[in-house]
2 protein chains.
Amino acid sequence: MNPPSPQISRMEDVAREAGVARVTVSRALSHPDKVSPATRAAVRAAIERLGYVPNLTAGSLASKRSRIIGAIVPTLCNSWFADAMDGLAETLGAAGYQLMLGQSGYHIDQEAGLVEAFLGRKVDGLILTGVVHAPSVRERLRRNRLPVVEIWDMTDDPIDTVVGFSNLLIGEAVAGYLLQRGHRRIGFIGANEIRSGKRAQGLRQRLQAEGIGVAEATPVTPPSVIEDGARGLAELLALEPQLQAVFCSNDTLGVGALFECRRRGLQVPQDIAVVGFSDLAIAAACVPALTTVQVNSRELGRRAALVLLQRLGSAPAEEAAPSRVIDLGFQIIEREST
Amino acid sequence: MNPPSPQISRMEDVAREAGVARVTVSRALSHPDKVSPATRAAVRAAIERLGYVPNLTAGSLASKRSRIIGAIVPTLCNSWFADAMDGLAETLGAAGYQLMLGQSGYHIDQEAGLVEAFLGRKVDGLILTGVVHAPSVRERLRRNRLPVVEIWDMTDDPIDTVVGFSNLLIGEAVAGYLLQRGHRRIGFIGANEIRSGKRAQGLRQRLQAEGIGVAEATPVTPPSVIEDGARGLAELLALEPQLQAVFCSNDTLGVGALFECRRRGLQVPQDIAVVGFSDLAIAAACVPALTTVQVNSRELGRRAALVLLQRLGSAPAEEAAPSRVIDLGFQIIEREST
DNA sequence: ATGAAAGCGCTAACAC
DNA sequence: GTGTTAGCGCTTTCAT
């Protein structure tokens with residue numbers, strides 16, 4: 001791990017320097033109250049003098065607790081996942097845990113590989129994005145009884161715990177919103193990815209109940225860029241020239257759709273209404289400002305961390321009893337694009 | 001045959017199952033070519049049968065290589081850092097390394113704490129944001145001879161290696177750009193943070209050379225939000241009603257400044273020119289589109305990873321000889337706001 | 001309150 | 001090629 005270094009001191013050295021046994025140093029560090037103030041001071045001084053840094057790898061091996069939490073997100077370039085990791089890392093860090101981060105690239109088997117790697121690293125807990133995973137992953141994690149929090153979607157049957165919101169309900173809610181505003185010819189621009197698919201499904205279900213079909217653009221390969229949204233809208237207009245409203249599976253696509261409208265001289269929202277998802281800063285900043293579905297990513301990360309800490313017995317006292325399913329909900333933010 | 005073992009199997013168990021010694025299993029895993037195809041197969045089969053997952057903690061302790069890289073950024077909610085981490089994690093992951101992530105919250109001593117924690121975790125290498133660190137950090141890392149890459153700024157004297165761009169030169173370049181377009185009354189809206197300060201300094205230096213001063217808004221506390229930019233512009237206009245141009249230390253502030261202009265009926269760029277920094281998606285999407293300074297965050301992360309892998313001897317062959325200072329440069333992207 | 005003994009699960013020499 | 005012998009640096013019991 002460390003390249004040939006001058007002299008890294010071990011606990012043994014601290015013990016000698018302080019005139020105590022190794023265990024005493026260990027205790028002074030991990031259970032300070034189980035050591036007399038005098039020895040504690042002596043040990044602290046020795047540590048200071050030697051610039052001793054405890055080897056947590058050795059500690060983890062012996063104690064079987066790593067104080068590492070693994071988290072797997074599809075990608076960090078989507079700022080909603082980045083925000084969630086921000087909240088997660090902050091809360092975990094405050095509790096003395098470290099965050100090990102992996103990116104699945106939206107691939108379930110890349111996720112499975114990371115899970116295996118993290119299990120090998122002996123993480124104390126795991127955060128997984130979504131509720132759909134490789135079967136081996138579900139099974140192994142359940143057998144292990146490892147604290148796991150699935151985020152960013154909803155299910156009745158989590159591996160262990162889920163903290164998120166229902167993508168299906170979001171789709172339905174947007175459908176309801178658009179129906180209520182009198183739209184009938186509705187399109188969807190989404191990504192080739194599970195949770196986007198669920199939002200599409202929600203939209204479809206609700207509209208079907210009214211006997212309305214949905215025009216769907218070819219799903220884009222994530223991460224989405226603005227141009228994808230523009231292309232999507234063009235595709236939809238070719239399919240359905242009378243299009244009255246579009247639900248875009250994320251704000252980036254939404255902004256792209258707005259661009260394409262402008263390019264074609266279509267008035268938003270008069271000619272066509274646009275709804276996004278996730279409420280990025282860009283949604284409020286673009287013109288016309290984008291109506292969207294807001295979810296609080298940082299808070300989601302924070303809550304996920306708290307649930308994990310609770311399961312690990314290091315939770316801040318404030319938090320209540322553990323619940324296996326925590327639905328943080330969502331909110332439609334109405335702006336100029338509808 | 002055997003029901004899922006409640007016990008986690010160790011290398012010993014695999015060895016027994018395969019009828020070989022522990023080392024052989026170890027070798028089959030880490031140096032497959034040093035083991036006969038037959039035993040290799042036997043070992044693989046045993047591993048499969050037992051669902052064995054190697055304990056990398058134990059491995060790290062014994063081998064003194066953790067295959068973990070620590071990275072510290074101020075925060076992940078700024079998508080430029082998130083993008084860099086994305087590139088970093090992707091490249092490291094492909095080489096079999098795991099990323100341990102910490103957030104300094106822009107505080108040098110929080111960074112120092114994380115560095116210590118990471119050293120205790122025996123990371124094989126470290127990524128640090130910026131070139132200004134606690135003295136203890138510089139000294140300790142240098143003594144350790146730990147592979148370190150500083151990113152997101154430039155220096156002649158890195159702890160070990162630096163991969164980034166010069167924030168100072170960016171400030172100067174923006175000043176030059178604005179001067180060349182005939183602006184003389186120039187303002188700056190920045191954050192209360194080192195690298196933003198360097199961009200301000202660059203701007204100031206270059207303008208001073210022409211005998212021009214800079215109107216500076218009160219630095220905002222990061223992470224910046226759009227409203228900060230609006231407030232900043234208001235403050236500048238109070239200071240200097242004749243303001244002709246503003247350099248905003250990041251695109252979020254820039255968009256905020258654009259908002260405030262619109263609110264006041266100021267024409268951009270006719271009445272006032274606005275330049276941002278970092279080229280977020282929002283810069284291209286807002287109206288008028290924001291002229292900005294582009295840096296490629298993902299690529300920066302990727303390069304940092306490659307440098308680290310090189311120092312660790314696991315670099316993809318393609319990459320050339322190590323250089324301690326890698327300047328990736330920047331580019332002014334001209335849009336409608338100037 | 002402190003210490004002695006016994007590992008945690010793995011890898012690195014060095015033999016054979 | 002494969003096995004034997006020693007640890008890696010720390011945290012547990014369990015005594016004292």
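Which polar side-chain atom lies 2.8 Å from a phosphate oxygen of DNA strand C? Select A:T39: one of its polar side-chain atoms sits at that distance. This is a polar contact (a pair of N or O atoms within 3.5 Å; within protein, one must be able to donate a hydrogen and the other to accept it, and residues adjacent in sequence count only if both atoms are side-chain atoms).

The model is predicted: local features need pLDDT of at least 70, side-chain atom pairs count only at pLDDT 80 or more, and totals for chains, interfaces and linings use all residues. Residues are numbered from 1 along each chain as its sequence is written, chains are lettered from A and ligands numbered from 1 in the order written, and side-chain values use heavy atoms, without hydrogens and water.

**Along the DNA**

Next, select A:T24. A polar side-chain atom there lies 2.6 Å from a phosphate oxygen of DNA strand C. Now go to B:A58. Here a backbone N or O atom lies 3.3 Å from a base nitrogen of DNA strand C.

Color the 26 residues around DNA strand C (near: a heavy atom within 4 Å). A:T24, A:R27, B:M11, B:R22 and B:Y52 come nearest. Of the strand's atoms within 4 Å of the protein, 61% belong to sugar or phosphate.

**The cysteines**

Select A:C77. Its sulfur is 16 Å from the closest cysteine sulfur, in B:C77, so a bond is ruled out. Move to A:C286. The closest cysteine sulfur, in B:C286, is 9.5 Å away, too far for a bond. Over all chains there are zero disulfides (cysteine sulfur pairs within 2.5 Å).
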